[in-house]
Amino acid sequence: MLFRLQVFIYPEPYGVVLIIGPWNYPFMILISPLIGAIAAGNCVILKPSEIAPNTAQLVEKLVPKYLDTNCYHVINGGVPETTQLLEQRFDYIFYTGNSNVGKIVHKAASNYLTPVTLELGGKSPVYLDETADIDLAAARILWGKCINAGQSCIAPDYVLCSKEIERKFIEASKKKIREWFGENVKESSDFGRIINENHFQRIVKLLEGTQIAVGGNYDAKELFIEPTIIQGVKPTDPIMQEEIFGPLLPIVNFENAYDALNFINDREKPLALYLFSNNNNIHDLILKNTSSGNLVVNDTMMHFSCDSLPFGGVGNSGIGVCHGKFSFDTFSHGKGTLIKNLNKISEYINAPRYAPYTDSHRNFISNATKKKVSS
């Protein structure tokens, strides 16, 4: 009955999209999904983060200068304005931020059964074993932690390794930090600052009562926190209860991959999972026995730049994906389309569809759908 049909998937725009941007990469992570939404043919309301006010004002100034204001608008403001926006009916909502606000966005969207993409975060673990080049691993892990002063949703959040690897990692880290930022990190123009006072105080509080192996200095006037490695960390410590989103890197000791794997799986699914090992069996073990938004082997954060990979979370770390063609697909409804000729010739094949349902019709369908066995 499906003989001589034309079938295809037609991507159509959802309609009007709301994009709520974050403060940590306030331009890129606002404009990148906008490009995907435009490519898919949608109209867009942009809501920049009020925590990065200069960027928000710039976006409000630039968008009407280059885009059709009948289709694309910028709405600035804080929580009240965002709350009012979420009370409106949109055809799609794209939010980047933390899981607490993500739940609010998801709940608001459910009032109209609006589909959502939630790019959230969480504690992205690093597994480091004895087969890795420790100097190289330290460089790549610290790079991911130090970029934007650790204020990245996919920044390495904590390291899982043995006590012996911990000792080597700490020594290698001291050398790298000194090599990159000099003897006084605060004086380096290559290291960032914390976004505001509230986040600064939240991160500094996580240092209380910890065993600092590297760094630990901070300056409230400059919102500066030095790259800091913490050892002797227990799973119950405060620093292990929330996403750090700052330049602190705790180390939790495990003697084997199976215990580390269980530790990862006992927690919320991370946005990224980083694995440093030259053992292919370990690669396979972690790949097949953990769930995360993305898995990166022997590097950190580089998957975000790869537009041939979908970027997104799973479970508490998010819903949906974006980047490259995946952004176009996210903002498109794939309308399944079937086209059939309207002529009497095909009705011979269609006859079994119509009553009365006779034995001859049943036999015809049975023979037509029977699997052919090749000789």
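Helices here are DSSP runs of H or I with at least four residues, numbered from the N terminus. With that convention, one can place Thr 82 in helix α3, which covers residues 79-86. I shall return to that residue after an overview of the model, which is a predicted one.

Let me begin with the overall architecture. The protein contains 12 helices and 19 strands. Its radius of gyration is 26 Å, well over the 21 Å that the globule rule gives for 375 residues, and the protein is therefore more spread out than a compact globule. The C-alpha trace spans about 85 × 60 × 30 Å along the principal axes.

Turning to packing and surface, 45% of the 375 residues count as buried. Among contacts with a separation of 6 or more, 67% come from residues 24 or more positions apart. The exposed area of the protein is about 19,900 Å², and carbon and sulfur atoms supply 54% of that area. As for charge, there are 35 positive and 38 negative side chains, with the centres of the two sets 9 Å apart.

Next, the cysteines. How many disulfides does the structure hold? The count is zero. Cys 71 is in no disulfide, and the nearest cysteine sulfur, that of Cys 43, is 4.1 Å away. A disulfide would require the two sulfur atoms to be within 2.5 Å. Cys 71 has a relative accessible area of 25% and is thus partly exposed. For Cys 161, the closest cysteine sulfur belongs to Cys 146 and lies 17 Å away, which is too far for a bond. Cys 161 is buried, its relative accessible area being 2%.

I now come to two threonines, starting with Thr 82 in helix α3. Is Thr 82 buried or exposed? Its relative accessible area is 16%, so Thr 82 is buried, the criterion being a value under 20%. When neighbours within four places in sequence are left aside, Thr 82 is in contact with Ile 20 and Lys 47.

The second threonine is Thr 290. Where is Thr 290 placed? It sits in the loop between α9 (280-289) and β15 (294-297). Thr 290 is buried, with a relative accessible area of 16%. Which residues is Thr 290 in contact with, leaving aside its neighbours within four places in sequence? They are Leu 261, Ile 264, Asn 265 and Leu 273. Finally, Leu 118 is 172 residues from Thr 290 along the chain, and the C-alpha atoms of the two are separated by 21 Å.

Technical notes:
Residues numbered from 1 in each chain as written. Predicted model: local features only at pLDDT ≥ 70, side-chain atom pairs only at ≥ 80, totals over all residues. Heavy atoms only, no water. Rg over C-alpha atoms; globule rule 2.2 N^0.38 Å. Buried < 20%, exposed > 50% of the residue type's maximum accessible area, 1.4 Å probe, protein only. Contact = heavy atoms within 4.5 Å. Areas by Shrake-Rupley, 256 points an atom, 1.4 Å probe, with all protein chains shown as cover. Lys, Arg positive; Asp, Glu negative; His and termini not counted. Charge placed at Lys NZ, Arg CZ, Asp CG, Glu CD.
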